Amino acid sequence: MGDSSSGEEEGKVRGGRQELIVDDELREMGKKAAWSVSSYKPGNAVLSLRDDNLDTYWQSDGAQPHLVNVQFQKKVKLQLVVLYVDFKLDESYTPGKVSIRAGDGFHNLKEIKAVELVKPTGWVHISLSGNDPRETFVNTFMLQIAVLSNHLNGRDTHIRQIKVYGPRPNPIPLQPFQFTSTEFVTYSAVR
């Protein structure tokens with residue numbers, strides 16, 4: 001597929017990538033979280049979202065919105081949510097409008113990103129960075145992915161995989177940050 005999901009315009013995400021390509025500066029954070037869903041059909045539970053198998057999927061079973069909850073024991077920095085969805089296989093089960101919410105728990109979730117997926121097939125990247133260039137990540141205990149509607153007015157939804165990424169920590173935490181530009185090195189206190 002020629003279209004890339006990286007070209008978000010007016011909250012719309014088109015296409016998708018067949019291969020999962022993520023910046024080396026990021027690490028997958030999902031294994032540190034407790035995952036839950038609002039509903040599921042037997043055999044298509046939350047584990048299908050994290051099994052690294054594109055042939056399995058979570059299928060909701062109930063009224064919209066369909067929710068995937070990702071809860072962390074401590075506050076984490078998150079930068080990117082990546083969904084694998086397949087309009088060609090799932091048709092009306094494919095998410096159409098998705099809301100990403102963050103907060104300390106269920107009581108104070110706030111929407112941080114809303115996107116419309118346009119017949120996506122493949123890995124769809126949803127950046128969590130804000131409009132301000134200094135807002136490159138979200139610092140949160142909980143992330144919620146809400147499927148607000150599906151393609152073709154479908155009722156239940158299919159999501160084949162979900163990955164959540166945050167920035168890699170400094171590899172040497174007690175070591176001060178190493179400036180590389182001449183201007184920063186000039187004014188650095190450490191020489």
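## Exercises on salt bridges, core and backbone

E28 and R50 form a salt bridge (a side-chain nitrogen of Lys or Arg within 4 Å of a carboxyl oxygen of Asp or Glu), with the closest N and O atoms 3.0 Å apart. The model is predicted: local features need pLDDT of at least 70, side-chain atom pairs count only at pLDDT 80 or more, and totals for chains, interfaces and linings use all residues. Residues are numbered from 1 along each chain as its sequence is written, and side-chain values use heavy atoms, with hydrogens and water left out.

**Exercise 1.** Place E28 and R50 in the chain and state whether each is buried or exposed.

*Solution.*
- Step 1: E28 belongs to strand β2 and R50 to the loop between β3 and β4, so this salt bridge ties together parts 22 residues apart in sequence. Helices (H or I, at least four residues) and strands (E, at least two) are DSSP runs, numbered from the N terminus.
- Step 2: E28 is buried at a relative accessible area of 15%, while R50 is partly exposed at 24%. Buried means under 20% relative accessible area, exposed over 50%, and partly exposed in between (1.4 Å probe, protein chains only).

**Exercise 2.** Find the salt bridge partner of D90 and describe the surroundings of both residues.

*Solution.*
- Step 1: The partner of D90 is R160, and the closest N and O atoms are 2.8 Å apart.
- Step 2: D90 sits in helix α1 (residues 87-90) and R160 in the loop between β11 and β12, a link between distant parts of the chain, 70 residues apart.
- Step 3: D90 is buried, with a relative accessible area of 4%; R160 is also buried, with 5%.

**Exercise 3.** Trace the salt bridge of D61 and the network that includes D61.

*Solution.*
- Step 1: D61 pairs with K41, the closest N and O atoms being 3.3 Å apart.
- Step 2: The loop between β4 and β5 holds D61 and the loop between β3 and β4 holds K41, so the pair joins parts 20 residues apart in sequence.
- Step 3: D61 is partly exposed at 32%, and K41 is partly exposed at 26%.
- Step 4: Salt bridges link K41, D61, R155 and D156 in a network. The count for the model comes to 6 salt bridges.

**Exercise 4.** Describe the largest nonpolar core and name the element that gives the largest share.

*Solution.*
- Step 1: A nonpolar core is a set of buried Ala, Val, Leu, Ile, Met, Phe, Trp, Tyr and Cys residues joined through side-chain atoms within 4.5 Å.
- Step 2: The largest such core has 31 residues, and V68, V81, L143 and I162 have the most contacts inside it.
- Step 3: Elements giving two or more residues to this core include β3, β6 (80-86), β7 (95-103) and β12 (161-167).
- Step 4: β5 gives the largest share of this core, 5 residues.
- Step 5: The protein has 2 helices and 12 strands, and 41% of its 191 residues count as buried.

**Exercise 5.** Locate the cis peptide bond and the positive phi values at K119 and L152.

*Solution.*
- Step 1: Most residues other than glycine have a negative phi, and most peptide bonds are trans.
- Step 2: The peptide bond from Q64 to P65 is cis, with omega near 0°. P65 is in the loop between β4 (58-59) and β5 (66-78).
- Step 3: K119 has a positive phi, near 45°. K119 lies in the loop between β8 (110-118) and β9 (121-127) and is exposed at 51%.
- Step 4: L152 has a positive phi, near 55°. L152 lies in the loop between β10 (138-150) and β11 (158-159) and is exposed at 63%.
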